[in-house]
Amino acid sequence: MSEKLHYRGRIGQISIYLGKMLRMFVYQNDWKVLPMAALIGGLVTFAVGPNMYVTQEGTISGCFALICACVWNGFFNSIQVICRERPIVKREHRSGMHITSYIAAHMIYQMMLCLLQTGIILMIVDVAGLKVHSAGLISKYLLVDMGITMFLTTYAADMLSLAISAFVKNTTAAMTVMPFVMIFQLVFSGGLIPLTGPSAIFTDYTITKWGLQSLCTLGDYNSQPMVTLWNTIWKFRAMEVDGQKPIKLMTDYILKNNKLDEVLLESGMYNGEKAYEYISSNVTHCWTMLGIMVIVFAAAAVIILEFVDKDRR
Amino acid sequence: MLDTILKILVYVLTSVGIYGILKKMKETPWWAFIPGLRYYGLSRACEREQDGKIVLGTEIILRILGFVLNRIQPESNLFIAVLVLVVVLIIINVIYIVRVVIGVLHTFDLPQKYAAAWVILPFVFPLILGFNNKYQPVYLGQKIDDELLAGTAPASLTAALDDDPGDDGLVVHVRARKVNELSRFRATRYLLKDINLTIPNGTLVLLLGGSGSGKTTLINAINGYEKADAKIMLNGRDIYKEYGQMKYRIGFVPQQELLRMNDTVIRTLRDAADLRLPKETTPEEKNRIINDVMDTLGLTAGKEGLVSKKSGGMKKRISIGTELISDPDLFILDEPDSGLDGVIARELFERLREIADRGKIVLVITHTPDRVIDLFDKVIVLARDSGKVGRLAFYGSPDEARAFFERDTMERILMCVNKKEDGGEGRADEFIEKYAQLTKERGTSGNE
């Protein structure tokens with residue numbers, strides 16, 4: 001009468017939920033995130049233009065745009081996946097479902113989505129003719145190194161939004177919270193908007209910082225020419241000082257002696273950042289940070305969701 | 001100087017006014033002198049406790065932030081951040097104060113529009129409401145005499161539970177279900193008290209009660225979701241002590257359909273089987289159980305279709321199917337007929353009757369019981385007494401219920417015990433006491 005029965009354990013339950021998610025991919029239109037990734041990839045490539053990995057300015061803005069696309073994709077993949085079925089999760093948890101299995105199934109499923117999305121964006125970047133065919137710093141090909149960075153960035157963003165989805169009670173709340181987190185990620189990346197003082201502390205906790213740092217390092221940012229300085233000087237050519245035009249004299253000299261490329265490279269060197277130094281440890285450090293974020297966010301999702309039984313009716 | 005005197009005057013007058021209101025509402029009156037806590041006290045009395053907690057919480061945080069703000073250098077980033085937070089919290093605080101005030105006005109049966117007057121002149125209105133005897137809380141009653149109900153759980157039942165629990169059926173002995181939250185400052189609030197029932201196997205039971213009578217609380221206490229000070233035995237096994245195993249023996253179908261709409265019917269049931277059946281179940285046995293459930297609930301024909309494409313009645317049956325798959329001994333359904341028309345609802349209840357006839361206990365909450373009352377064996381009537389505690393007002397057969405309440409339909413019985421503000425007759429206390437008296441006379445509460 002009171003013999004102890006054994007039910008499906010954690011590993012067994014992962015396969016049940018993974019199967020469910022794969023069916024949802026087909027039936028619930030989750031597949032739509034893939035064409036969306038292609039669309040975003042296309043738009044970003046169009047905006048980045050041919051200067052990525054050619055000049056420092058093109059590199060930083062191009063890498064930032066790619067990272068934004070990755071974070072966007074990651075966020076949209078999972079922001080609603082838990083909160084939209086929260087009452088079901090609560091019911092199933094009470095019937096024996098393990099939260100760890102449920103989140104693990106999500107992690108596997110989302111990993112597949114992120115890999116596909118990264119592949120799609122890289123393919124578009126490649127087709128669009130961006131300069132991504134040099135040798136990689138870690139692997140043999142730059143494209144592979146870029147792919148790993150973009151995948152980890154997308155996946156970390158995905159896990160962050162999974163944790164948010166586990167925290168909020170419904171989809172409306174999720175979609176309200178998401179823009180704030182997104183803005184935080186973009187503003188505090190420290191890439192386009194340099195941060196100093198106490199606000200700089202936040203940058204270490206953003207996914208975008210590590211993604212951007214990795215991509216800029218891979219493109220050897222510090223060895224690229226800087227054109228902003230030259231363009232600014234060029235605007236001041238007509239400026240007179242004591243009846244003379246010293247800036248015009250200088251620019252004419254540089255052009256006449258074919259020293260422009262040298263000057264641009266030199267100014268790029270002075271504008272270099274230690275964080276973007278072309279060494280493999282820089283990239284592996286970024287990857288490690290992104291990997292840690294993935295684990296932390298997934299663990300947070302598990303811990304938060306363990307309290308699902310406390311939800312009010 | 002004048003400013004400070006005015007502030008103190010407003011504080012004292014407001015506090016005194018709220019003191020009077022809290023006294024009238026039978027809450028701790030001295031709370032009126034502590035900002036924040038005063039609104040929490042008011043909220044408790046008018047059943048807006050959650051709102052009161054938010055007022056209290058924001059008030060505390062605002063005090064701390066006010067202190068911090070005075071010590072930060074103006075124009076610094078931190079100052080701006082704290083300032084933004086303060087503004088956000090003030091907005092939240094005011095909104096929730098208005099919500100509590102509206103609750104108080106409702107309790108005094110006054111129009112909501114006075115809430116604006118209260119917020120603008122925070123001392124005038126509380127003074128009038130607190131000390132003018134013309135204004136009395138309408139929706140507060142005298143608490144039922146606990147002494148009268150003490151010991152309504154018959155000695156026979158308690159002894160049976162303590163010494164030798166029966167092997168058949170469901171035995172419910174809820175002494176109390178109380179709210180024990182850290183945020184509460186006062187004595188524990190009771191949601192349910194003294195519910196004693198013995199339900200034999202093979203019984204289809206109707207659980208009847210108005211809003212706030214504790215139906216869902218009782219269900220959650222029985223199925224172990226929200227444990228009460230209780231002993232719940234199912235076929236001789238203690239649900240609370242053996243919850244890890246017993247949760248598979250209890251099926252619960254909530255009012256809301258908890259299904260993944262874009263999955264197929266068969267896969268939904270198969271996943272439920274994988275999750276809820278013991279590991280030792282062979283694939284053949286699993287298939288047999290799934291087919292059996294589909295046959296019982298009439299799901300076989302459209303099993304490959306998506307859940308989202310099914311009708312309301314069909315979705316309800318799929319919900320039931322996912323619970324039925326583990327062949328539970330106790331099956332609880334919360335308004336399974338909501339949104340279903342008469343014919344479909346009847347058909348659904350007939351299937352529940354079939355499940356009960358297989359020796360299961362099926363406990364159902366429904367708000368339209370009369371169209372299917374002939375299918376039920378027993379009726380539990382829960383009522384909320386004037387002390388806002390859910391109590392047992394009756395347990396017996398439908399015929400006995402009609403005689404006890406002197407009403408010919410279940411819906412009229414419900415009206416008898418419902419609160420006046422809900423359009424009922426407000427006679428809950430009377431029937432709770434009558435039933436308590438009856439069980440004392442019988443000496444076997446709830447046992448027929």
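These are my notebook entries on a predicted model with a chain A and a chain B.

**Entry 1: the domains of chain A**

I began with how chain A is divided. The assignment gives domain 1 as 10-225 + 274-310 and domain 2 as 227-270. I then looked up the distance between them, and their C-alpha centres are 41 Å apart.

Next I asked myself how many residues of domain 1 of chain A are in contact with domain 2 of chain A. I found 7 residues of domain 1 of chain A touching 6 residues of domain 2 of chain A. Together the two domains bury about 480 Å², and 55% of that is on carbon and sulfur atoms. On the side of domain 1 of chain A that touches domain 2 of chain A, I noted 1 nonpolar, 5 polar and 1 charged residue. I also checked for salt bridges across this interface, and the rule finds 0. For polar contacts, the rule finds 3 residue pairs there.

**Entry 2: where chain B meets chain A**

I moved on to the contact between the chains. A reminder to myself: the size of an interface is often given as the accessible area lost when the parts come together. For chain B and chain A that area is about 3,100 Å², with 49% of it on carbon and sulfur atoms. Chain B brings 36 residues to the contact, and chain A brings 28 residues.

How many salt bridges are there between chain B and chain A? I read off 7 salt bridges. One I looked at pairs A:Arg8 with B:Asp274, and the closest N and O atoms are 3.5 Å apart. That counts because a salt bridge needs such atoms within 4 Å. The polar contacts between the two chains come to 10 residue pairs.

Then I wanted to know which elements of chain B supply the touching side. At least two residues each come from α9 (215-222), α10 (243-246), β6 (250-253) and α11 (265-276) of chain B. The largest share, 5 residues, is from α11(B). Sorted by class, the side of chain B that touches chain A has 11 nonpolar, 10 polar and 15 charged residues.

**Entry 3: three residues of chain A**

My first stop was A:Met146, which sits in helix α6 (residues 142-167) of chain A. Buried or exposed, I wondered about A:Met146? A:Met146 is buried, because its relative accessibility is 0% and the cut-off for buried is under 20%. Leaving aside neighbours within four places in sequence, A:Met146 is in contact with several residues, among them A:Met52, A:Tyr53, A:Leu66 and A:Leu215. I also took one long span: A:Met146 and A:Gly268 are 122 residues apart in sequence, and their C-alpha atoms are 22 Å apart in space.

A:Thr203 came next, in the loop between α7 (171-187) and α8 (207-218) of chain A. Although A:Thr203 lies in a loop, this residue is buried, with a relative accessible area of 9%. Not counting residues up to four places away in sequence, A:Thr203 touches A:Phe188, A:Ser189, A:Gly190, A:Leu195 and A:Lys209.

Last in this entry is A:Ser281, in helix α12 (residues 280-305) of chain A. A:Ser281 counts as partly exposed, because its relative accessibility is 43%. The C-alpha atoms of A:Ser281 and A:Ile183 are separated by 29 Å, and the two residues are 98 residues apart along the chain.

**Entry 4: chain B as a whole**

I noted 17 helices and 10 strands in chain B. Of its 448 residues, 53% are buried. Among contacts in chain B with a separation of 6 or more, 66% are between residues 24 or more positions apart. The assignment splits chain B into domain 1 (2-131) and domain 2 (146-442). The C-alpha centres of these two domains of chain B lie 41 Å apart.

**Entry 5: two backbone angles in chain B**

Here I kept one general point in mind: most residues other than glycine have a negative phi. Against that I looked up B:Asp194, whose phi is positive, near 50 degrees. B:Asp194 lies in strand β2 (residues 189-199) of chain B and is partly exposed, with a relative accessible area of 24%.

B:Glu406 also has a positive phi, about 55 degrees, although it is not a glycine. Where is B:Glu406 found? I located B:Glu406 in the loop between α15 (398-405) and α16 (410-417) of chain B. B:Glu406 is exposed, because its relative accessible area is 63% and exposed means over 50%.

Conventions. Residues numbered from 1 in each chain as written. Chains lettered and ligands numbered in written order. Predicted model: local features only at pLDDT ≥ 70, side-chain atom pairs only at ≥ 80, totals over all residues. Heavy atoms only, no water. Domains from an automatic or database assignment. Contact = heavy atoms within 4.5 Å. Buried area = accessible area lost by both parts, 1.4 Å probe. Salt bridge = Lys/Arg side-chain N within 4 Å of Asp/Glu carboxyl O. Polar contact = N/O pair within 3.5 Å; in protein donor to acceptor, adjacent residues only side chain to side chain. Nonpolar A, V, L, I, M, F, W, Y, C, P; charged D, E, K, R; others polar. Helix = DSSP H or I, 4+ residues; strand = E, 2+ residues; numbered from the N terminus. Buried < 20%, exposed > 50% of the residue type's maximum accessible area, 1.4 Å probe, protein only.
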